[in-house]
Each structure stands twice: as C-alpha cells, then as structure tokens.
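Subject: Structure for your review

Dear colleague,

Please find below the structure that I am handing over to you. I would be grateful if you would read the notes beneath it with the coordinates open.

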Amino acid sequence: MTQFELSREHEEFRRTVRDFADATIRPHVAEWDKAHHFPTDVVQKMGDLGLFGLTAPEEYGGAGLDAEDGPFTSLCLAIEELGRVDQSMGITLEAGVGLGINPILTYGSEEQKATWLPDLVSGQRLAGFGLTEPGAGSDAGATKTRAEVENGEWIINGSKQFITNSGSEITSVVTVTARTGVSDLGRPEISTIIVPSGTPGFVAEPPYDKLGWHISDTHPLTFTDCRVPEGNLLGERGRGYAQFLATLDDGRVAIAALAVGLIQACVDLCVEYSLDRHTMGGPIGRKQGVAFQIADLEVMLHASRLLTYRAAAMKDAMLGGGGPSMKEFKQAASVAKLYTSESAVTATRIATQVFGGYGFMEEYPVARFYRDAKILEIGEGTSEVQRMLIARGLGLPVE
C-alpha cells in the first residue's frame, strides 16, 4: 500500500462499516440526537463487528493485524464511515480506541492490560481519557489535579472536564493525569493513573448540554480523596504528560478521518438535494451559484481524504519499524487535522446554505452536521495549536 492509495481490503472493509452504519445507526440518528440518547447497545454491536479491536493484538481479543495490513488506516476508515452517518458515533469509536484503549495498550503493565483490555477491545466496555481541566485546556502541563501516595495507595483530588466515554453505563475505567510531585528541574511531575468506575470519591458529574455531538457521552469528572492502588500507575512515574502528547498525535489523524466523513456527508446530501429541489422550472443544481459551491465541497473532500490517509499510512509504516520519523508523522498529523477540521466547518456552512431555509430545520441532517462540526476545530488540539506545531516543524521559533 502506498501513502496515497487504499488497498482492496481496506475498501472492502469500508463497505462493511458503511453498510452497518446505514442499517443500524442512520434510521435512529434524529431520534437519538433529539433525546441526547447514548445507545450502548449499538456501541456493543460496533464491538461485535470488531471495530474496537482493529489496532489491538489477538491476545486481548483484537484483530491482530500486522503493520502491512494497515490497522490504523482501518480504524480511520471505520471512524470516517460512522462519521458520515453520525459524528457522535464516530467520536465514540475514536475516543474508545485512541483515548481509552491505546494508553493502556501502549504503556500498561501486563497485569493492567490483562485486566482492562479484553472488555474494552470487545466493545462491551468503554474507557475515558482524563486530561483536560477547567483551567488547563490547551495548556495540559498546567494540570492541577494531584495524587499522593499514602500506605500503598494513590489519593487523587481534582477535576477534569469534557471527558468522552467517561460516565456511560458501560464505562469501566478512566485514565487521568495528575501532579505527583516535582521533577529534578523544579517542574511539576505529571503521571497517569488508572481509576476504575465506581471507585469511592470518583464522580462522573451530570452530562453536558452540548451544542453538538448530542449522542456521545461527555462528562465533567471530580475526584475527592479518591483512592486507588499504587499499582494503578500507568507506565513510568512522571511520564504522564509525554504519554498523553503521544496519544494525541494519533488522535489528530483520527479526528481528521471523522471530519472527512462529515465532508462526504455534505457532498452526498447537497448533490441529492440540488437534484430534487426544483425552482423556476428546474433543479437548483443547474444554477452555477449552487453547483460551484458543491464542486468546492468535492475538492475539499479529496484534499482532506488524501492528507488524512497519507498520515494514517505513515503511522502504519512506523508500527512496522520503518517509514517516516516521528517528527514527520507529527507534522503530517497536524496538517491533516488542521485542514480537514476547518474544511468540515466550511462544508457544513455551505451545505446549510445550499439547503436554504430547510437547512435551518432540525428535520434535515445538515442542521445536525452544522452543530457537530465546530468541535472538530477544538478537540484533540485546537486549530491554533496545530498552526503552532506546524510552524515549529518548519523550524520557526514560535511561542
């Protein structure tokens, strides 16, 4: 597989996920969105299809795909196809794998992997990723949540916000960053700790009333003298910040895939509507003012898809021990995330305009996609953060 062409197996897998999304999710999306309903049964069906295990080894119930099979590319394809029908279900998979499974799979001990991964990989349970705080969004190093060791236990106090998959009835665990001391250089020592759901002192507060992503599960979290075993430290003490930065690199490509799905949905909906909607004796698609806007959507779609799957192919090549450097991958991930997320916001604005007054009505999917799009420019690193990273990748001393 080249960096710019999907394999036949990948395209067949895409069709499988597309058929699932069209049959299982599409008929219910409007109802779920209006009710802010998180369909745990559908999440588990996604698990039965193997979507949560695409990047996991067979010993934990995963697909066990080799690097040449493109496991990360397969995950991005699944996210794209789910996102083409509903962005909330796409982010549920993205967060479930990239932010839930991957930190434990990458940094966990054998005991931690054996304890948590089988249920997460099967999709029967979900895990959350507790990084963002009320006073520390893009500045994740300003974490105020603290954890101290006492009598063989970590005692955690603090709060997190905007945490996906953190408070559903099938959430089993959340990994959180916390200050655990001070480094030799006098900087805050940040570590990652595994906190099982139901632990006394750990509360998933009521879900947010969000602008979009109404179907996804998102909560603020509080920790009040929350005690977990000292062995729940994930990886090395003091490496929490580095662990989560590495996790976000993969997540940026996955968010780009989610954005590609949204742009594809806008193209599909606009083409169909512009042929069906008639004014002044013919379909509105015959008018250049409409047709040219849809042509722009198609250009954005192709560019976004190429950037996204180039970055995904780079990640798969790295999994095989070759391919690009980490620096090259980081740059490609930021480029893909920045361009596709901003293109997705533009695409939904154009789609809403093509639909006219109907685009402002909730009975039409473009209204939901319009609401869902904005967060793509914020989550997994804002557009401003991506521009900073890209500039630094070019050697510019930007602050």
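The notes that follow cover the salt bridges, the surface patches, the backbone and a few separate positions. Please bear in mind throughout that this is a predicted model.

**Salt bridges**

The structure contains 23 salt bridges. As general background, side chains of opposite charge can pair when their charged atoms come close. Three of the pairs are described here, followed by a network.

The first pair to consider is E110 with K113, whose side chains form a salt bridge with an N to O distance of 3.8 Å. Both residues belong to helix α6, which spans residues 110-121, and they are three residues apart, about one turn of the helix. How do the two partners stand with respect to burial? E110 counts as exposed, because its relative accessibility is 51%, while K113 counts as buried, because its relative accessibility is 13%.

A second salt bridge joins E133 to K160, with 2.9 Å between the closest N and O atoms. E133 sits in the loop between β1 (126-130) and β2 (146-150), and K160 sits in strand β3, so this pair ties together parts that are 27 residues apart in sequence. Buried means under 20% relative accessible area. E133 has a relative accessible area of 4% and is therefore buried; K160 has a relative accessible area of 1% and is therefore buried too.

The third pair is K315 and D250, a salt bridge in which the closest N and O atoms are 3.2 Å apart. This pair links distant parts of the chain, with K315 in helix α8 (residues 288-319), D250 in helix α7 (residues 240-276), and the two positions 65 residues apart. K315 and D250 are both buried.

Beyond these pairs, a network of salt bridges links E11, R14, R18, E80, E81, R84, D268 and R305.

**Surface patches**

Which residues make up the patch of negative charge on the surface? They are E58, D66, E68 and D69. Of this group, E68 is placed in the loop between α3 (40-48) and α4 (71-85). E68 has a relative accessible area of 64%, so it is exposed.

A nonpolar patch is also present on the surface, formed by Y358, F360 and M361, which together have about 350 Å² of accessible area. Y358 is located in the loop between α9 (326-355) and α10 (365-373). With a relative accessibility of 37%, Y358 counts as partly exposed.

**Backbone**

Most residues other than glycine have a negative phi. Two positions deserve your attention in this respect. H36, which is not a glycine, has a positive phi of about 55°. H36 is placed in the loop between α2 (29-35) and α3, and its relative accessibility of 35% is why it counts as partly exposed.

The other position is N165, also a residue other than glycine, with a positive phi near 60°. N165 belongs to the loop between β3 (153-164) and β4 (171-182). Is N165 buried or exposed? N165 counts as buried, because its relative accessibility is 0%.

**Further positions**

T218 is part of strand β7, which covers residues 218-229. The side chain of T218 makes a polar contact of 3.4 Å with the side chain of S216. T218 is buried, as its relative accessible area is 7%.

L82 belongs to helix α4 and counts as buried, with 0% relative accessibility. What separates the C-alpha atoms of L82 and E298? The separation is 19 Å, for residues that are 216 positions apart along the chain.

G137 is found in the loop between β1 and β2, the loop that also holds E133. G137 has a relative accessible area of 42% and is partly exposed. Between the C-alpha atoms of G137 and Q161 there are 9.0 Å, and the two residues are 24 residues apart along the chain.

Yours sincerely,

A colleague

Conventions:
Residues are numbered from 1 along each chain as its sequence is written. This is a predicted model: local features need pLDDT of at least 70, side-chain atom pairs count only at pLDDT 80 or more; totals for chains, interfaces and linings use all residues. Side-chain values use heavy atoms; hydrogens and water are left out. Patches are made of residues with over 30% relative accessible area and no salt bridge: like charges are joined within 9 Å, nonpolar side chains (Val, Leu, Ile, Met, Phe, Trp, Tyr) within 5 Å. Accessible areas come from the Shrake-Rupley method with a 1.4 Å probe; for residues, only the protein chains shown count as cover. A salt bridge is a side-chain nitrogen of Lys or Arg within 4 Å of a carboxyl oxygen of Asp or Glu. Lys and Arg count as positive and Asp and Glu as negative; His and the chain ends are not counted. The place of a charge is taken as NZ of Lys, CZ of Arg, CG of Asp or CD of Glu. Helices (H or I, at least four residues) and strands (E, at least two) are DSSP runs, numbered from the N terminus. Buried means under 20% relative accessible area, exposed over 50%, partly exposed in between (1.4 Å probe, protein chains only). A polar contact is a pair of N or O atoms within 3.5 Å; within protein, one must be able to donate a hydrogen and the other to accept it, and residues adjacent in sequence count only if both atoms are side-chain atoms.
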